[in-house]
Each structure stands twice: as C-alpha cells, then as structure tokens.
Amino acid sequence: MNKWKPNRTEFYESAVSMGFYGREDSGLTGKKDNVRKFWEDVFMKLVTRPFIENRPYDDKKLRILDLGSGSGEGFELLTHIPPSNPSKGITKDFVLKNSDIELYRGIDISPAMISQGKANYSDYGNVSFEYGNLEDGLPREVTKDKPYDLYFSTYGSLSHLHPDSMERLMEQIFKHSNNGSVVLFDTHGKYSPAWPKYWGEEKILLPYTMAYLVPGEKRQQEDIEWFDLCYWDPEDLKKLLNKAAQQAGVNINILYMLDRSIFISRHMDTGLLSTKPMQLRYQVSRLLDHGYRGEVAHLKVDLEHLDAYKGINPKVWNRLTDYSHKWNKIIYLLEALMNSEDKKVKDFIENTNIELMGDDLKFITWLYRNADRFPVVDFWASLIGPQVAVILRNIEMSYSEGVGCGHGLICALEVIK
Ligand SMILES: C[S@@+](CC[C@H](N)C(=O)[O-])C[C@H]1O[C@@H](n2cnc3c(N)ncnc32)[C@H](O)[C@@H]1O
C-alpha cells in the first residue's frame, strides 16, 4: 500500500521548471491545451459569472482568496469572464477587471509556483502570492485580515487535502467569511470513467499522476511519479461542508455541485488509471483548433470496458450512458456529414426529418448545408469542428446535478450569517 506523504511539492517544482506554469498559448496538448482553454476554463467562467455579475454592490471592489493558487491561473480566469449579454455593452469584454479587485491573494505550498506567480503579475499592486500549507488551515496573516467576498480554488488544489484538513479549512473559511461570501472550488470526482478502479474504493486517498504533461511517447512507466489525492463523492462532500458549517456556527446554502470534464479528462487519454486509453481529449482539442479537423473514428465514446463497474453507482452509470448516447449522436452526425458523398450516408442526412432532430443536430446540419457562405479556408476545421466541440461541452454543462463522474467536481456555496 502506498504510504500517504502529505505536503509534497516536488511534482509542482518540476512542472514549473519545465515551463508548464508560464503564460503560454493553447494547443493540441500540454497544460493549456484547447480543452483547458475552451472547455474547462469556459465551464469555470460560466459557473462563476453569476456571482460576479449579480454582486449586490457594483462599485464595491472584490476581495478574492485563491486556495492552492498555483501561479495565478485563477486571477487570469476571473478577469477574463465574458458578460452574459455582450450586446448590452459592446466595449465591455469582461465582467471583472483588475481595477474591480481590491485584493487577489494566492496561497500555495509550492515555492516555485509562488515565484512564478509573482513574476507573472509583478506589475499588479493588488495581486499577491504567499506561502501557505492548507493542511494546516488558512495562514495566520489571512485569518487576521478582513474577510473575502470570494474564496476560490480551481483545478483540484483542495483534493490534495486529507478530508479532516478539508473540514478544518472549510470551518475556518466559514468563520472568517462575511454574510454573503461565496466559496467556489473544485475537487476530483470519485466516479470519473478515467479511473473506474477507484469507484468502489474504500480508501480515502488514492494515487494520481500528472504524467499527462509528458508526451505519450516519452511517458515511461518507471519515470511516472505518483502522489495521493482525495477523490470526492458529492454526498460525502456535502456532509463535510454541512458539518464544517455547523461547527463554525453558520448556515450555508450549497448552490450547486457539477461534474466537469467527464469524457475529456486528461486520464481518459493516458489510460493510466483504466484498462482502455481513449484519445477523446486530444480529439476534442483538434476539433476546437481552427487548423485541424476532428478524426471521427477516435471521437466515439465507448463504455464497454466499464461494464464490470456499472453496478457500483447506478446514478453515475445512468449519467455516463445518457451523456455517451447524446455525445455519440453528435459524432455520428459529424461522420455522416463528412462522408456525404457516400450515397447511404447522404440518404441518412437528407432523409432525416429535420423537424424531429434536436436543436444541436439541426444546427450542425444547417451549418453544413450553408458551408459555402462562410469565407474561411477550411470549413471543417474552422466552423464545424469548433461548433461540434461546443455542443459536446454544452451537453456536459446541461446536467444540473453533479454525481461525481467528472474529473472535476465543482461546488459553489454561499455563507449565511
Ligand atoms: C493542479 S494545481 C492547480 C493550480 C491552479 N489553481 C490552477 O488553477 O491551475 C494544484 C496546486 O495546489 C497546490 N497545493 C497542493 N497541496 C497544497 C497544500 N497543502 N497547501 C497549499 N497549496 C497546495 C500545488 O502546489 C499546486 O499549485
């Protein structure tokens, strides 16, 4: 059995030294691939936006605490959220500007992350990065300081914590916060199809690796570093939050829990925690890229290898099968459109009663039929591919109850005092 080694930072030290935490362009692979930028970040932005757009006092500057902030990805994300109604103010690109922020304070255990964050935002007087080990709770300087409007944490930083430490941290946050403060974070979901072997696990902390940052051909088993994380079941997380609130003597309103990155988890592609790698994330990154077409043969979701696990959590299984059916329907249509010279496939498109098709299918068909109206170089790469990816993302976002089947389990709550 792997021994739980708390507070290890070396994975992040090497990730930073390899340049993965600098500001870089997106692409087909790597930390900031197209899926991170146009699917995962967009998901996070859309679920955060209501709290920023609907804040009670528009002129009050926000105080933000980012827990496990890395090198400031949270700041970048929060200051690049598009408005929900762009036509209302065409000159307003984002709902939160740097000048709307009184303080963005990033806390992280990794010295390399802190240095990189400081370097990334050296010109910003209202942005700070400080050392803190969240296993020990909030740093003293934070607890002595004023409350925050938003306690924020993204991309699994809080999964590093043992549940006991997570409970203490949440209790502290609830005590420290104001009435109306929002806590928005994500953890790793327990029932991702990328790690079925964990679905029935009783152990609290289980191995994880960031080996996906290394290109597949260079990824050797013996070089892979593993560390332990907590993978959360939404019900357990709710219990923990309610207990922490009770201990803090406050009420909380859990606004939502949502599953993010269900089939486009990085580990769907590596297959390191499953028996079957599927390059779905890579393929969706291709779809999102205006220079590449999707390769439909690799875009279909096949859950057959998970058959043995389906009895473990029927709610999860129903969600996965429902999403996979919807996903595959879109991919079948894409395939049909791409092969439209084939008489049989053409018949399928031409003879399908468009009125009876779902809106998304209708829209893709319309786009295909109107292809020649668009002045782009490669219609498939620039128009159809990105739209198909957005539809796949929107299906994921349409589920309003998280069951823990995403790589990420997002939770937002409001503190009531
Ligand atoms: C996957 S990264 C996420 C970074 C950033 N939030 C983002 O959105 O990209 C996880 C971060 O959590 C930090 N971390 C891990 N354990 C921690 C702990 N006990 N206390 C504080 N930070 C921790 C790591 O150093 C790392 O920067």
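**A walk through the predicted model**

Phe11 is partly exposed, with 17 other C-beta atoms within 10 Å. That makes a handy starting point for a tour of this structure, which is a predicted model. Phe11 sits in helix H1, and its contacts reach well along the chain: leaving aside neighbours within four places in sequence, Phe11 touches Met210, Glu225 and Phe227. Thr209 also belongs in this picture, for its C-alpha atom is 8.9 Å from that of Phe11, although 198 residues separate the two along the chain.

Let us stay with helix H1, which covers residues 10–17. Which of its residues are buried? They are Tyr12, Ala15 and Val16. Looking down the axis of H1, you will find these buried residues within an arc of 95 degrees, so they line one face of the helix. That buried set packs against helix H4, residues 111–120. On the face of H1 turned away from the buried side are the exposed residues Glu10 and Ser17.

Now step back to the whole protein chain. Its secondary structure amounts to 13 helices and nine strands. The radius of gyration is 22 Å, close to the 22 Å that the globule rule gives for 417 residues, so the chain is as compact as a globular protein of that length. If you prefer box dimensions, the C-alpha trace spans about 70 × 55 × 40 Å along its principal axes. Of the 417 residues, 40% count as buried. Contacts also link distant parts of the sequence: among those between residues at least 6 apart, 76% join residues at least 24 apart.

How is the chain divided into domains? Domain 1 takes in residues 10–262 together with 401–416, while domain 2 runs over 280–398. Their centres, taken over C-alpha atoms, are separated by 30 Å. The contact between them involves 17 residues from domain 1 and 20 residues from domain 2. On the domain 1 side, the touching residues divide into 12 nonpolar, four polar and one charged.

The ligand is the next stop. There are 21 residues around the ligand, and those that come nearest are Gly68, Gly70, Ser110, Ser157 and His160. By residue class, the shell contains five nonpolar, 13 polar and three charged residues.

A few individual residues round off the tour. Is Asp41 buried or exposed? With 20 C-beta neighbours inside 10 Å, Asp41 counts as buried. This residue lies in helix H2, residues 34–53, and touches Arg36 and Leu77, not counting residues up to four places away in sequence. From Asp41 to His80 the C-alpha distance is 9.7 Å, with their positions 39 residues apart in sequence.

For anyone who likes to check backbone torsions, Tyr155 has a phi near 60 degrees, a positive value in a residue other than glycine. Tyr155 belongs to the loop between strand E4 (150–153) and helix H6 (163–176), and it is buried, with 23 other C-beta atoms within 10 Å. Ser261 likewise has a positive phi, of about 65 degrees, although it is not a glycine. You can find Ser261 in the loop between strand E8 (251–260) and helix H8 (266–270). Ser261 is buried, with 29 other C-beta atoms within 10 Å.

How values were computed. Residues numbered from 1 in each chain as written. Predicted model: local features only at pLDDT ≥ 70, side-chain atom pairs only at ≥ 80, totals over all residues. Near = placed C-beta within 6 Å. Nonpolar A, V, L, I, M, F, W, Y, C, P; charged D, E, K, R; others polar. Buried ≥ 20, exposed ≤ 12 C-beta atoms within 10 Å, placed from the backbone. Helix = DSSP H or I, 4+ residues; strand = E, 2+ residues; numbered from the N terminus. Arc of directions from axis to C-beta. Contact = placed C-beta atoms within 7 Å. Rg over C-alpha atoms; globule rule 2.2 N^0.38 Å. Domains from an automatic or database assignment.
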